[in-house]
Amino acid sequence: MYRSLFPLDIVAELSRLQRETQQAFDLSPTIRGFAGQGFPALNVGSTPQSLEIYAFAPGVDPASLEVNLEKGLLTISGERKTPLSDMDGSKAALHINERFSGRFHRALTLSEDADPDAVQARMTDGVLRISIRRRASAQPRRIEVN
């Protein structure tokens, strides 16, 4: 992208500079994993009944994934291998590598109402979905007023 040495709109140029500086220090996860152990990228949400975690891990063999929950700490670890590591018994030359490969490890601290005995994990189309049911005592309930 061509940038002029003398911008016509100095406010827009300062805004662009601020945005690029903020992105340089941003440690949010990306699909490439460049920023602070950001692979796999995670979406974390909740419903009144459960906690929902989605880990986006395309190209990861589900058998290589390890999901653990211990003392309120959920960990996801595994390995994504590069498809060019050993082709036909000879080393392949990699000229551009924009895709994360190698071992990864992510950890999340869960809320106290997560039930460690009610966890389900399922991998579909490169997306690992982990559903953790909330304890019955934490479920919202309607209290009748007399």
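This note goes through the fold, the salt bridges and the aromatic pair of a predicted model.

1. Overall architecture. The secondary structure of this predicted protein consists of 1 helix and 7 strands, and along the sequence these elements follow the pattern α-β-β-β-β-β-β-β. The helix, α1, spans residues 10–24 and is followed by a loop that leads to β1.

2. Burial, surface and contacts. Of the 146 residues in the protein, 25% are buried. The accessible surface comes to about 11100 Å², with 53% of that area belonging to carbon and sulfur atoms. When contacts between residues at least 6 apart in sequence are considered, 52% of them join residues at least 24 apart.

3. The start of strand β1. Ala41 belongs to strand β1, which covers residues 41–46, and with a relative accessible area of 14% Ala41 counts as buried, because the cut-off for that class is under 20%. Ala41 and Phe56 are separated by 15 residues in sequence, while their C-alpha atoms are 5.4 Å apart in space.

4. Salt bridge between Glu52 and Arg129. The whole structure contains 3 salt bridges, and one of them joins Glu52 to Arg129, with 3.1 Å between the closest N and O atoms. Glu52 sits in strand β2 (residues 50–56) and Arg129 in strand β7 (residues 127–134), so this pair ties together parts of the protein that are 77 residues apart in sequence. The two partners fall into separate accessibility classes: Glu52 is buried, at a relative accessible area of 10%, whereas Arg129 is partly exposed, at 30%.

5. Salt bridge between Glu79 and Arg103. Here the closest N and O atoms are 3.8 Å apart, which is inside the limit of within 4 Å that defines a salt bridge. The pair links distant parts of the chain, with Glu79 in strand β4 (residues 73–80) and Arg103 in strand β5 (residues 102–109), 24 residues apart. Glu79 is partly exposed, at 29% relative accessibility, while Arg103 is exposed, with a relative accessible area of 58%.

6. Salt bridge between Arg134 and Asp113. In this pair the closest N and O atoms lie 2.5 Å apart. Arg134 is in strand β7 and Asp113 is in the loop between β5 and β6 (114–124), so that the salt bridge connects distant parts of the chain, 21 residues apart. Both residues, Arg134 and Asp113, are buried. As general background to these three points, side chains of opposite charge can pair when their charged atoms come close.

7. The aromatic pair. The count of aromatic pairs comes to 1, and this pair is formed by Phe39 and Phe104 in an edge-to-face arrangement, with 5.2 Å from centre to centre and 80° between the planes. The description edge-to-face applies because the angle of 80° is over 60 degrees. Phe39 lies in the loop between α1 and β1 and Phe104 in strand β5, so the pair ties together parts that are 65 residues apart in sequence. Both rings belong to buried residues, with a relative accessibility of 2% for Phe39 and of 5% for Phe104.

8. Strands that recur in these points. Strand β5 holds Arg103, a partner of Glu79, and also Phe104, which pairs with Phe39. Strand β7 likewise contributes to two of the salt bridges, through Arg129 and through Arg134.

Definitions and conventions: Residues are numbered from 1 along each chain as its sequence is written. This is a predicted model: local features need pLDDT of at least 70, side-chain atom pairs count only at pLDDT 80 or more; totals for chains, interfaces and linings use all residues. Side-chain values use heavy atoms; hydrogens and water are left out. Helices (H or I, at least four residues) and strands (E, at least two) are DSSP runs, numbered from the N terminus. Buried means under 20% relative accessible area, exposed over 50%, partly exposed in between (1.4 Å probe, protein chains only). Contact means heavy atoms within 4.5 Å. Accessible areas come from the Shrake-Rupley method with a 1.4 Å probe; for residues, only the protein chains shown count as cover. A salt bridge is a side-chain nitrogen of Lys or Arg within 4 Å of a carboxyl oxygen of Asp or Glu. Rings of Phe, Tyr and Trp (its six-membered ring) pair if their centres lie within 6.5 Å; planes under 30 degrees apart count as stacked, over 60 as edge-to-face and the rest as tilted.
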